[in-house]
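These are my notebook entries on one model. I set down what I looked up, in the order in which I looked.

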Amino acid sequence: MSNSAPPPLLPEFAALQNDDSMLTRRYGKEVINYFAGSRLNRYSFLRTDAVFLRNAAASPTARYLAFKDLNPLVVDPKTIAYFTYDDVKSLTGPEPFKLAEDDEIKTYDSTKALPLIVFLGMLEEDNGSDHIVSGDNSNIKGHPYFAVNIATKGDLSEKAAEFLATQEAKGIVPDSNPRGMRHHPEAAAMYAQARSMIDWNLRSPFCAGCGNPNLSVHAGYKRVCPPTDKKGGSEPESRGDCPTRYGISNICFPRTDPTMIAAVLSQDGQRILLGRQKRWPPYWYSTLAGFLEPGESIEEAVRREVWEESGIRVGRVVIHSSQPWPFPSSLMLGAIAQVLPGSSEEVNLNDGELETAKWFTIDEVKQALTYGTSAMHEPTPEGWKEGDLRIPPVQAIANRLLTAVVDELVTSAKI
């Protein structure tokens, strides 16, 4: 994936560029937000195929993203670095995915540090006859992509330090502002996948069922509690029973936290409710957001969170689009909502999460979309005036929600 051309700000899914399907005609075009839109085929059923993984990892066409402290190594602030297998061999070891998964579990030794390698998927487009031989499936077409963690602590730290020094000499360093959303959308989608998976693995070194050290399998997408552990010896020792070894256990798999985020319209449709936290830059506001709770629909979460944060009662809720948010692993569920007819529009910060929430006119938001968008700690754009509203950049779903509201109201004068 080349990043040499000026990148688009948002993902472009070629198959939908000129889509005229029944669904598009009836419901409008699909919205694909930043951090989504990956061109990789994740091939989840190949994550247990050791033959495929072994061949893919060592393939001359394989490319790796490397992460230090969850930050990707970059060529420059806008360009993620891609490495070959030879480049990262000191991090992955000479024979990544050498053992089948069952053998990994049988020979598990909690005293040995293992490289963390995540299979991201295959880039199938424009790759001619390139393919990877698999064990349980047919040959797999495309170029493989992986992510590898640069372990700066423990037994792997020495080789990690050498790798970092070598790359730094080339000007390749960890991204200093990973939330700046400055990367090419295709690279950003891989970054989001890779960061979330590495973060989950690093956060979950112990079994949630029994507390023993666990093992990363499924090419980084599952953590299991082996029944035995060599503990540095030659013979495995039994570790006793564990509830995660029975049935399907959701604590063995990565989690994604659903989070609602909503642009709330006044009853007359001429104002939008925005809020801000104290730590945000001056005049910087965004749409209201909050985590979904168990047993709660998206629409219910919008109504609850908006009321808790602002005291505003919401009626109708329309789902707009979604956005993966890899900090650490949320799925932003974007909605457009409107105040419940007949209810008060006076703001009351019930839960105290926000420093303030207030209503802005459509014209104020429209002006901010033109002159006041930037990442949170990035400079303000040319044309912005002190005291004017600032909002998140086009790469943020909050911006897309506000744009959808303003465009609809400006062009059709109706909700």
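I count a salt bridge where a side-chain nitrogen of Lys or Arg lies within 4 Å of a carboxyl oxygen of Asp or Glu. The model is a predicted one, so I took local features only at pLDDT of at least 70 and side-chain atom pairs only at pLDDT 80 or more, while totals for chains, interfaces and linings use all residues. I number residues from 1 along each chain as its sequence is written, and side-chain values use heavy atoms, with hydrogens and water left out.

**Entry 1. Salt bridges**

I began with R276 and E355, whose side chains meet in a salt bridge at 2.7 Å, N to O. R276 belongs to strand β15 and E355 to the loop between β18 and β19, so this pair ties together parts that are 79 residues apart in sequence. I take helices (H or I, at least four residues) and strands (E, at least two) as DSSP runs, numbered from the N terminus.

I then asked whether each partner is buried or exposed, with buried meaning under 20% relative accessible area, exposed over 50% and partly exposed in between (1.4 Å probe, protein chains only). R276 is buried at 8% relative accessibility, whereas E355 is partly exposed at 41%.

Next I looked at R271 and E345, which form a salt bridge at 2.2 Å, N to O. R271 lies in strand β15 (residues 271-276) and E345 in the loop between β18 (330-339) and β19 (356-361), so parts 74 residues apart in sequence are tied together. Here R271 is partly exposed, at 25% relative accessibility, and E345 is buried, at 19%. I also noted that the charged end of R271 sits over the ring of W359, 4.9 Å from its centre. For this I require NZ of Lys or CZ of Arg within 6 Å of the ring centre and within 35 degrees of the ring normal.

The third pair I looked up was E293 and R304, with a salt bridge of 3.8 Å, N to O. E293 is in the loop between β16 (288-291) and α7 (298-310) and R304 is in helix α7, 11 residues apart. R304 is buried at 17% relative accessibility, and E293 is partly exposed at 44%. Salt bridges with shared partners join E293, E296, R304, E305 and E308 into one network. How many salt bridges does the rule give? The count comes to 14.

**Entry 2. Aromatic rings**

I paired rings of Phe, Tyr and Trp (its six-membered ring) if their centres lie within 6.5 Å, calling planes under 30 degrees apart stacked, over 60 edge-to-face and the rest tilted. The structure holds 17 such aromatic pairs. Y34 and F35 make a tilted pair, with 4.8 Å from centre to centre and 55° between the planes. Both are buried: Y34 has a relative accessible area of 1%, and F35 has 4%. The pair of Y43 and F45 is edge-to-face, because the ring centres are 5.5 Å apart and the planes stand at 80°. Y43 is buried at 14% relative accessibility.

Which residues do ring pairs link into a cluster? I find Y34, F35, F67, Y191, W325 and F327 in it. I add one more charge over a ring: R47 lies over the face of Y221, at 3.4 Å from the ring centre.

**Entry 3. Cysteines**

I looked for disulfides, defined as pairs of cysteine sulfur atoms within 2.5 Å, and the count comes to 0. Why is C225 not bonded to C210? The sulfur of C210 is the closest cysteine sulfur to that of C225, but at 3.5 Å it is too far for a bond. C225 is buried, at 5% relative accessibility. C242 is likewise in no disulfide, with the nearest cysteine sulfur, that of C207, 3.4 Å away. C242 is buried, at 1%.

**Entry 4. Surface and a chain contact**

M22, L23 and Y27 make a nonpolar surface patch of about 380 Å². Patches consist of residues with over 30% relative accessible area and no salt bridge, like charges being joined within 9 Å and nonpolar side chains (Val, Leu, Ile, Met, Phe, Trp, Tyr) within 5 Å. Accessible areas come from the Shrake-Rupley method with a 1.4 Å probe, and for residues only the protein chains shown count as cover. L23 lies in helix α1 (residues 22-27) and is exposed, at 51%.

Last, I looked up T48, which is placed in the loop between β1 (40-41) and α2 (50-57). T48 is partly exposed, at 41%. Its C-alpha atom is separated by 7.7 Å from that of A100, 52 residues apart along the chain.
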